[in-house]
2 protein chains.
Amino acid sequence: MAEQKKPVVASAPRRRRSAEVARREILDAAQHRLDEGGPDAIRLQEIARDVGIAHPTILHHFGSRDGLIQALDARAIHALSDDVSAMLQGRRAQDSGVELLERLAHTMNDLGLARLIAWWAMREPNARALEGIDPPALVRNISQLICSQIQGDEAHSTEREELVSFGVRLAVMAMFGEALIGDIMSPAGAEERDTERHRFRAWLSELLVEKIADPSDD
Amino acid sequence: MAEQKKPVVASAPRRRRSAEVARREILDAAQHRLDEGGPDAIRLQEIARDVGIAHPTILHHFGSRDGLIQALDARAIHALSDDVSAMLQGRRAQDSGVELLERLAHTMNDLGLARLIAWWAMREPNARALEGIDPPALVRNISQLICSQIQGDEAHSTEREELVSFGVRLAVMAMFGEALIGDIMSPAGAEERDTERHRFRAWLSELLVEKIADPSDD
DNA sequence: ATCGCTACTGACACTAATGTATATATCTAA
DNA sequence: TTAGATATATACATTAGTGTCAGTAGCGAT
């Protein structure tokens, strides 16, 4: 009974990925959509079209749209974690502020972290800690990690602690802002804009190192 | 034929606002929704319920959901404009960096400007200049306005111009970031958090004034 | 080779949100 | 008081987007 309708046109030959690869491709496409058009642009059908699959496949891999978004969050969080720990292991940050800022800028921009964070922040009231991953807490912890790393093992006063935390906070804020609205703030063309941003970061790192290394005020 | 169904329960007595008041109430509610739950939370039916009206009334006043959002944008832009020009007229900003920052923080936070800007930025690729209002351009222009105001009428070198623009840029970025993810960065309770933020702003303004007033480097 | 697992698909059901049509109530003005 | 204008309501249409289901096809293992 109920004979299955045969498609009139032969459908394109099916490509079968491993589950892992499929998940990665889907996440990449979703990330791309988010970067291009914001949260509203994360549509299962669109993402599926980008990857070249049918949208139920996404649901097969992630369970639901929300599952996909959670996976997106989790991936970004882990990327940030790895990034930061690599950065901290590599060198004592204090003596090369520029590299720290550049690295931070890269993570915020190219990995699309700034957009994700901003999105979390907007949903914050209902921001649930998903499967053990609490993005806000992790960002906070990471910034504290950087603070302690900069301060090293030397004994330090409360004022100095605050000084360092303000410095890190400023750096994070600035790089976050740059990633999100840097384009808005600088009117120049693409090429010029890049060098301008580099100079801005260099200027900022100098400012920070100066201020933090020599707490001459109050 | 087709006799109109009479409502069984007497509906609440209708309150009739002026168009202006209605628009304002609706915009307020929409803004509130945006602040609470992010862009996705801007739902006509929910907003209507908040105001105490039926959702077609919103469509009557704004034409469409998109019209509502554009009105929201426009209102925020004008608020920012007014805010900034008032700030600039009031005093030469250079000698009181704190007030400038506080004012900026207020606009970003309480007026919900940061969220709107972030939202624009996310949709940026397709960000259309709506009915003569181009939010990114306006933000950019305003920051340039501040720059010129700070620099005053004195003759100034290119380096100094860049210095000032970097300073303003940093201030805007920091206040923008604070408004969006300030909560994430500071773990403390609400009371303590506020004073912490004030101290951060004070610190930053000092930093900026110092650096800009005395360009001793490079 | 063929067998089983599962990635994948097309068709469809369901929901929720926007938008439309038309009637009604309230305010202002004469 | 009446008349016009319009802010508002109810009911419905439409669409778009998520999620379900049952069947298909590619790949690895025996």
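**Figure 1. Who sits around DNA strand D?** A residue counts as near a strand if its C-beta atom, placed from the backbone, lies within 6 Å of that strand. In this predicted model, 26 residues surround DNA strand D. The ones that come nearest are A:Leu44 and A:Arg65 from chain A, plus B:Ala22, B:Ile53 and B:Ala54 from chain B.

**Figure 2. The helices facing DNA strand D.** Both chains pitch in here. Chain A brings α2 (44-51), α3 (55-62) and α4 (65-90), while chain B brings α1 (19-37) and α3 (55-62). Each of these helices supplies at least two residues of the surface near DNA strand D. Sort that surface by class and you get ten nonpolar, seven polar and nine charged residues.

**Figure 3. Laying chain B on chain A.** Turn chain B by 180°, with a shift of 0.0 Å along the axis, and it can be laid on chain A with an RMSD of 0.1 Å. The two copies are therefore related as by a two-fold rotation axis. Both copies also use the same surface: 100% of the contact residues of chain B recur in chain A.

**Figure 4. Where the two chains touch.** Chain B puts 40 residues into the contact, and chain A puts in 40 residues too. On the chain B side, α1, α6 (113-123), α7 (135-151), α8 (158-185) and α9 (190-213) each supply at least two residues. Which helix of chain B gives the largest share of the side that touches chain A? That's α8(B), with 14 residues. By class, this side of chain B divides into 23 nonpolar, five polar and twelve charged residues.

Notes. Residues numbered from 1 in each chain as written. Chains lettered and ligands numbered in written order. Predicted model: local features only at pLDDT ≥ 70, side-chain atom pairs only at ≥ 80, totals over all residues. Helix = DSSP H or I, 4+ residues; strand = E, 2+ residues; numbered from the N terminus. Nonpolar A, V, L, I, M, F, W, Y, C, P; charged D, E, K, R; others polar. Least-squares fit on C-alpha atoms with pLDDT ≥ 70 in both. Contact = placed C-beta atoms within 7 Å.
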